[in-house]
Every structure is written in structure tokens, then in C-alpha cells.
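Let's take a walk through this structure together, one piece at a time. Keep the view open as you read, and turn it whenever a new part comes up.

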Amino acid sequence: MNKIIVAVLLSLSLSAPALAATQRVTLSVPGMTCGACPITVRTALKRVPGVEHVAIVEAKKEVVVTFDNAKTNPQVLMHATRDAGYSSHVVKRGA
């Protein structure tokens, strides 16, 4: 009986997906030129499943996004800003 339980637990641990990791990416959003722009970009990014934190760096026209990499990725984040009317591109990736 114990061997069966161990075998089942072992098979579950081997077949389980890799653990998600928190990632950080910095996006350049050159179109953020007015006071309302950062609010719009932040709102669009916060709606993406897996986004944990959004920090706007207005002086550089950049956005630092912390996200769960099992739920989203930089391409989805760039798509979200584009859908909100702001093109963006990755300037820095980090863990």
C-alpha cells in the first residue's frame, strides 16, 4: 500500500508543470505625452491576468511591470498597451 502511495505521489510531482515565477519587464511607451496617458496605460496593463504591479516612470516614458510568467508574457503586455492606443517595446527584462 505504501509503495502505491509513493508511486502516485512521485508520478504527480514528475508530471506537474514548472512553478511560475515572478518576472519584471520595462516597456518604453513613447506615446505617453499627457497627464491621462499613464492612467490609461496602467489601467490597460492591470487588466491583464497575471499582472501584479505596474509602475509608471513618466520622465522616461516607461512602465515597469511585474507579472506571473505562467499567466502572461511581454508580448501580451505590449498588445494590451497597443489596444489602449499606445505602442510599446521592451527595453529591459529582469527576474
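**Starting from one serine**

The side chain of Ser-88 and the side chain of Thr-81 make a polar contact, at 2.7 Å. That's a handy place to begin, with one reminder: this is a predicted model. Ser-88 sits in the loop that links H3 to S4. Is Ser-88 buried or exposed? Its relative accessibility is 16%, and buried means under 20%, so Ser-88 counts as buried. Setting aside residues up to four places away in sequence, Ser-88 touches Leu-27, Ser-28, Val-29, Met-78 and Thr-81.

Now step back for the overall plan. The protein chain has three helices and four strands, and from the N terminus on they come in the order α-β-α-β-β-α-β. Of its 95 residues, 33% count as buried. If you look at contacts with a separation of 6 or more, 63% of them are between residues 24 or more positions apart.

Next, the sheet. In what order do the four strands line up? They form an open sheet in the order S2-S3-S1-S4, with antiparallel pairing. S2 and S4 are at the edges with a single partner strand each, so one side of each has no neighbour in the sheet. From one strand to the next, the twist averages 20°. As for what holds such an arrangement together, strands of a sheet pair through backbone hydrogen bonds, either parallel or antiparallel.

Let's go through the pairs. S2 and S3 are joined in the antiparallel sense over six bridges, and one residue to look for is Val-51, whose bridge partner in S3 is Phe-67. Seven bridges join S1 to S3, again running antiparallel; here Arg-24 has Thr-66 in S3 as its bridge partner. S1 and S4 pair in the antiparallel sense over five bridges. On that side, Thr-26 stands opposite Lys-92 in S4, and Ser-28 stands opposite His-89 in S4. You've met Ser-28 already, as one of the residues that Ser-88 touches.

The turn between S2 and S3 deserves a pause. This hairpin has four residues between the strands, and in it Lys-61 takes a positive phi near 55°. Most residues other than glycine have a negative phi. Lys-61 is a residue other than glycine with a positive value. At 31% relative accessibility, Lys-61 counts as partly exposed.

Now for the helices, starting with H2. H2 (37-46) has Cys-37, Pro-38, Val-41, Ala-44 and Leu-45 as buried residues. Why do they share a side of H2? They cover an arc of only 130° around the axis, which puts them on the same side of the helix. What these buried residues pack against is S2, S3 and H3. H2 itself packs on the sheet, where it touches S2 and S3, and its direction makes about 165° with that of S2.

H3 (residues 74-83) follows a similar line of thought, with Pro-74, Leu-77, Met-78, Ala-80 and Thr-81 buried. These cover an arc of only 155° around the axis, which places them on the same side of H3. The cover over them includes S1, H2, S2, S3 and S4. Both ends of H3 have something to show. At the N-terminal end, Asn-73 acts as a cap: one of its side-chain oxygens lies 2.9 Å from the backbone nitrogen of Gln-75. Just after H3, Gly-85 takes a positive phi of about 100°.

Finally, look at what lies inside. The largest nonpolar core has 18 residues, and the ones with the most contacts inside it are Val-29, Met-32, Val-41, Leu-45, Val-63, Val-65 and Leu-77. Which elements give two or more residues to this core? They are S1, H2, S2, S3 and H3. Leu-45 is a good residue to zoom in on: leaving aside neighbours within four places in sequence, Leu-45 is in contact with Val-51, Val-54, Val-63, Val-65, Leu-77, Ala-80 and Thr-81. And Thr-81 brings us back to the start, with its side chain in polar contact with that of Ser-88.

Technical notes
Residues numbered from 1 in each chain as written. Predicted model: local features only at pLDDT ≥ 70, side-chain atom pairs only at ≥ 80, totals over all residues. Heavy atoms only, no water. Buried < 20%, exposed > 50% of the residue type's maximum accessible area, 1.4 Å probe, protein only. Arc of directions from axis to C-beta. Contact = heavy atoms within 4.5 Å. Polar contact = N/O pair within 3.5 Å; in protein donor to acceptor, adjacent residues only side chain to side chain. Pairing = 2+ DSSP bridges. Axes fitted to C-alpha atoms, helices over the stretch in contact; angles between N-to-C directions. Core = buried A, V, L, I, M, F, W, Y, C linked by side-chain atoms within 4.5 Å.
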